[in-house]
Each structure stands twice: as C-alpha cells, then as structure tokens.
Amino acid sequence: MAIPTKTNSQQYIELPPSYKIPWFLIIVAIPLCWLSFWLGGIVALFGLFLMLQTKTIRLQFSDKALDVYRSQRKIRTFPYSEWLNWQIFWQPVPILFYFREINSIHFLPIIFDPQTLKDCLEKHCPAKS
C-alpha cells in the first residue's frame, strides 16, 4: 500500500514495486528453454531486465504531475494537464499501463502495484467523457 509522503510542502504518493511480471517471465522461461534455448533465454533476459527496472524505477503522483524517478533521480515529469487518456490493459491480470499526452503516447509494464496505480489515476486524471 502506498503511503502519502510530504516533501517541500508538497504531498505525493509513490507507487510500491510489484515483481509479479518479472518473476512470471523468469519462471516461464525455464520450460521454454526445453522447447527452444534461444526463446527461453530471451524471455529470461527480458524478465531480468524488468526485475532491474522494478528495483530502480519509481512513479510518484503529485497534485500536478506524474513524476518518474530512477534511483532517487527524477528523469521525467508528465503534467496531468497534458493527458488525454489512460488505460490499464487486461484487467484480470494487469500487465500494461497506457497513457496518451497531447504530443506522445506511452506504454509501461505494470511493475508497480496496479490497484494503487488505478486509484491514483482516477483521483488525478479522471476519465474524460
């Protein structure tokens, strides 16, 4: 569960990491190696890559923007005022987060808690009708 945090008199919510997708890919890679060593190896490497990203990438929802951090360093800010739409794909097991800004489209694997992500999105960027 994400805990609201205050810094410099600004409140934000940081999404906790979720290692479900990286672990799933690594586990699936094992039997895939029996079918095809290369296919299993590629899936395992992708799982390890997502594991590293899960460890280092953090999303923080503030009052005005979604901030992306890599190891305590802010690498990108997405102001809500520029968002057109967002969606979390495949609700039984959320695997992909999509959002569209005025000038760009973004896809992110769900490497953070999906319920907290959805709650923050509904709070800060309610669906436009």
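Which residues of S3 lie on one side and which on the other, and are they buried or exposed? In this predicted model, Ile57, Leu59 and Phe61 lie on one side of S3, Arg58 and Gln60 lie on the other, and all of these are buried. Both faces of the strand are therefore covered. In a regular strand the side chains alternate between the two faces of the sheet. Strand S3 comprises residues 57-61, and because five of its five residues are buried, the strand is largely enclosed by the rest of the structure.

The partner of this enclosed strand is S4, residues 65-70, which pairs with S3 in the antiparallel sense over five bridges. The connection between S3 and S4 is a hairpin of three residues. Within this pairing, Ile57 has Arg70 of S4 as its bridge partner.

A further set of strands forms an open sheet. Three strands take part, in the order S6-S7-S8, and their pairing is antiparallel. Strand S6 (83-89) and strand S8 (105-109) stand at the edges; each has a single partner strand, so one side of each is left without a neighbour in the sheet. On average, neighbouring strands of this sheet are turned by 15° against each other, direction ignored. Strands of a sheet pair through backbone hydrogen bonds, either parallel or antiparallel.

The two pairings of this sheet may be taken in turn. S6 and S7 run antiparallel and are joined by six bridges, with Asn85 standing opposite Arg100 in S7. The hairpin of S6 and S7 has six residues between the strands, and in this hairpin Trp90 takes a positive phi near 65°. Strand S7, residues 96-101, is joined to S8 by five bridges, and these two strands also run antiparallel. The hairpin from S7 to S8 passes through three residues. Across this second pairing, Tyr98 stands opposite Phe107 in S8, and Phe97 stands opposite Leu108 in S8. Helix H3 (residues 114-124) packs on the sheet, where it touches S6 and S7; the direction of H3 makes about 155° with that of S6.

Which residues of H3 are buried? They are Thr116, Leu117, Cys120, Leu121 and His124. These residues cover an arc of only 135° around the axis, which puts them on the same side of H3. The general geometry of a helix is relevant here: an α-helix has 3.6 residues a turn, so residues three or four places apart point the same way.

The aromatic side chains add a further level of description. A pair of aromatic rings is described by the distance of the centres and the angle of the planes. In the whole structure, a search finds nine aromatic pairs. The rings of Phe37 and Trp38 have their centres 5.8 Å apart and their planes at 75°, so this pair is edge-to-face. Both Phe37 and Trp38 are exposed. The rings of Trp83 and Phe99, by contrast, have their centres 4.3 Å apart and their planes at 15°, so this pair is stacked. The stacked pair links distant parts of the chain, since Trp83 belongs to strand S6 and Phe99 to strand S7, 16 residues apart. Trp83 counts as buried because its relative accessibility is 2%, and Phe99 counts as buried because its relative accessibility is 1%. Ring pairs also link Trp83 and Phe99 with Phe61, Phe78, Tyr80 and Phe97 into a cluster. Two members of this cluster have already been met: Phe61 is one of the buried residues of S3, and Phe97 is the residue that stands opposite Leu108 in S8.

Finally, the cysteines may be considered. How many disulfides does a search of the whole structure find? It finds zero. Cys120 is in no disulfide, and the nearest cysteine sulfur, that of Cys125, is 10 Å away. A disulfide is a covalent bond between the sulfur atoms of two cysteines. Cys120 counts as buried because its relative accessibility is 4%. Cys125 is likewise in no disulfide, the nearest cysteine sulfur being that of Cys120. With a relative accessible area of 8%, Cys125 is buried.

Notes
Residues numbered from 1 in each chain as written. Predicted model: local features only at pLDDT ≥ 70, side-chain atom pairs only at ≥ 80, totals over all residues. Heavy atoms only, no water. Pairing = 2+ DSSP bridges. Helix = DSSP H or I, 4+ residues; strand = E, 2+ residues; numbered from the N terminus. Axes fitted to C-alpha atoms, helices over the stretch in contact; angles between N-to-C directions. Contact = heavy atoms within 4.5 Å. Phe/Tyr/Trp six-rings, centres within 6.5 Å; stacked < 30°, edge-to-face > 60°. Buried < 20%, exposed > 50% of the residue type's maximum accessible area, 1.4 Å probe, protein only. Arc of directions from axis to C-beta. Disulfide = S-S within 2.5 Å.
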